[in-house]
Amino acid sequence: MSIQIPRGTQDILPGEVEKWQLIEEAARKLCEKFQYREIRTPIFEHTELFLRGVGDTTDIVQKEMYTFQDRGGRDLTLRPEGTAATVRSFVEKKMFGDAQQPVKLYYMGPMFRYERPQAGRYRQFVQFGIEALGSADPAIDAEVISLAMSLYKDLGLEKLKLVINSLGDKESRSAHRQALIEHFEPRIEEFCGDCQGRLEKNPMRILDCKKDSDHELIKSAPSILDYLSEESSSYFEKVKQYLTMLDIPFEVDQNLVRGLDYYNHTAFEIMSNAEGFGAITTLCGGGRYNGLVEEIGGPETPGIGFALSIERLLAALDAEKVELPLTRGIDCYVAALGDEAKDYTVGLLGKLRKAGFSAERDYLNRKIKAQFKAADRLNAKYVAVLGDDELSGNKINLKSLADGEQIEIQLDEFIEKFTELCK
Ligand code: HAM
């Protein structure tokens, strides 16, 4: 049997890859505008990083990591997300001492989770994410959310819903935690095994359960918003105020808890409302993680960020039928007739490319008609046609495929004239 691609992964072929490039380019440009700079961390890290960083009660750590031992017996894991590694690097490279604060970083690259593959859920997927480390100003929470929204809007998405919540500080969370335990404990046997395990370890995650989401006790569960300390509450008010100032509509969902352990204060998700998008509607998730830097061995440093996958972004574009403005084409196809002319075009193609043009020629010894077809398929602006006769007469014909107009150019002046024409 022939070898097939692993489950939950995909090949991105020419034709599709241009969309990826356009999105990546848009994300980079946006980061430049917002002054986030790229960080590239390894694809694998010590497993310990994710146990501590992502949290050992999370689904990611308990069920979804690609963990292996290398030949030296080290425990390593393919990164399931980008925040832990970014923070690891922030601590290890002592970026907390940089003159420029807060430290604003972005990353783009493959992440790995052993999940059950379905529409919008892959085992290898590409995340674009940003992290702002070193500021506890609610204005940066609004900035982070606004960057994510801008990317979607710039690419043409309209059916978006931003959902925010506050998970409060330690004090608020532990009061809420106690209330949740008291709320669920008497009837916990009505919940799934996962939830029963969560009751003591992380009762907030019960609110996030996919299996029990319709249970009446989830709907009537005590809201974190009623347990926020005064400080957390006024922090959340500020975030909302700034979002309004930035013209970003939002909804507050007190059951939004997020699937990773490191969050506090602001948590948010951006969903697609588009019809036919499918069951998994979350496009982007993020939040504040004050405390994570210390957890990973650094000094007390607040942080906030988000990540989104390009796969789900593309699915949302599809669902909204947004066509990305892809402009594919080449400047010049060099067609040749006769052996000497063919030889000559090798040098001519080189000169065109050196002068900065995209150019192509035939490598299959095709007839002139087939060469024109190839030029058409490549969406060439011009076809330069050279036969043995033209070559000996120091001439070349140039045809514009846009209007069919044809001109004769002196061969030794071709690059110069072509450059003028393309200006
Ligand atoms: P997350 O919610 O686990 O958060 O993932 C963020 C986004 O990654 C999701 O909203 C979704 O777009 C995408 N994603 C996750 N799993 C898959 C999958 N299996 N297939 C396709 N796309 C997927 C984090 O990863 C946090 N590190 C976000 C963050 C950054 N928080 C603060 N800073």
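This report describes the overall build of a protein, the surroundings of its ligand, and a few residues with notable local geometry.

**Overall build**

The structure is a predicted model, and its fold comprises 15 helices and 16 strands. The protein is divided into domain 1, which takes in residues 17–169 together with 229–319, and domain 2, which covers residues 332–418. The centres of domain 1 and domain 2, taken over C-alpha atoms, are separated by 49 Å. The radius of gyration of the protein is 28 Å, whereas a compact globule of 423 residues would have a value near 22 Å. Along the principal axes, the C-alpha atoms fill a box of roughly 95 × 55 × 50 Å. Of the 423 residues of the protein, 50% count as buried.

**The ligand and its shell**

The ligand is surrounded by 28 residues, of which Glu 81, Glu 115, Glu 131, Tyr 263 and Leu 283 come nearest. Three polar approaches between side chains and the ligand are set out below, each given as the distance from a ligand atom to an N or O atom, or a polar atom, of the side chain.

| Residue | Ligand atom | Distance |
|---|---|---|
| Glu 115 | nitrogen | 2.6 Å |
| Arg 258 | oxygen | 2.8 Å |
| Tyr 263 | nitrogen | 2.6 Å |

Taken alone, the ligand exposes 660 Å², and the protein buries 96% of that area. Strand S6 (124–133), strand S10 (282–288) and strand S11 (303–309) are the elements that give two or more residues to the shell around the ligand. Among these contributions, that of S10 is the greatest, with six residues. By residue type, the shell around the ligand divides into 12 nonpolar, nine polar and seven charged residues. Glu 115 and Tyr 263 thus appear both among the residues that come nearest to the ligand and in the table, Glu 115 with a side-chain N or O atom 2.6 Å from a ligand nitrogen and Tyr 263 with a polar side-chain atom 2.6 Å from a ligand nitrogen.

**A buried glutamine**

Gln 371 is found in helix H13, which spans residues 368–377. Is this residue buried or exposed? Gln 371 has a relative accessible area of 1%, and because this is under 20%, the residue counts as buried. A polar atom of the side chain of Gln 371 lies 2.9 Å from the backbone oxygen of Ala 336.

**Backbone geometry in loops**

Most residues other than glycine have a negative phi, and most peptide bonds are trans. Against that background, the peptide bond from Gln 101 to Pro 102 is cis, with omega near -5 degrees. Pro 102 is found in the loop between helix H4 (83–92) and strand S5 (103–112).

Lys 321 has a positive phi of about 55 degrees although it is not a glycine, and it lies in the loop between helix H11 (310–319) and strand S12 (330–337). Lys 321 counts as exposed because its relative accessibility of 72% is over 50%. Asn 365, likewise not a glycine, has a positive phi of about 55 degrees, and this residue is found in the loop between strand S13 (359–361) and H13. With a relative accessibility of 60%, Asn 365 also counts as exposed. H13, which bounds the loop that holds Asn 365, is the helix in which Gln 371 is found.

Notes
Residues are numbered from 1 along each chain as its sequence is written. This is a predicted model: local features need pLDDT of at least 70, side-chain atom pairs count only at pLDDT 80 or more; totals for chains, interfaces and linings use all residues. Side-chain values use heavy atoms; hydrogens and water are left out. A residue is near a molecule or strand if one of its heavy atoms lies within 4 Å of it. A polar contact is a pair of N or O atoms within 3.5 Å; within protein, one must be able to donate a hydrogen and the other to accept it, and residues adjacent in sequence count only if both atoms are side-chain atoms. Accessible areas come from the Shrake-Rupley method with a 1.4 Å probe; for residues, only the protein chains shown count as cover. Helices (H or I, at least four residues) and strands (E, at least two) are DSSP runs, numbered from the N terminus. Ala, Val, Leu, Ile, Met, Phe, Trp, Tyr, Cys and Pro count as nonpolar, Asp, Glu, Lys and Arg as charged, and the others, Gly among them, as polar. Domain bounds come from an automatic or database domain assignment. The radius of gyration is taken over C-alpha atoms; the globule rule is 2.2 Å times the number of residues to the power 0.38. Buried means under 20% relative accessible area, exposed over 50%, partly exposed in between (1.4 Å probe, protein chains only).
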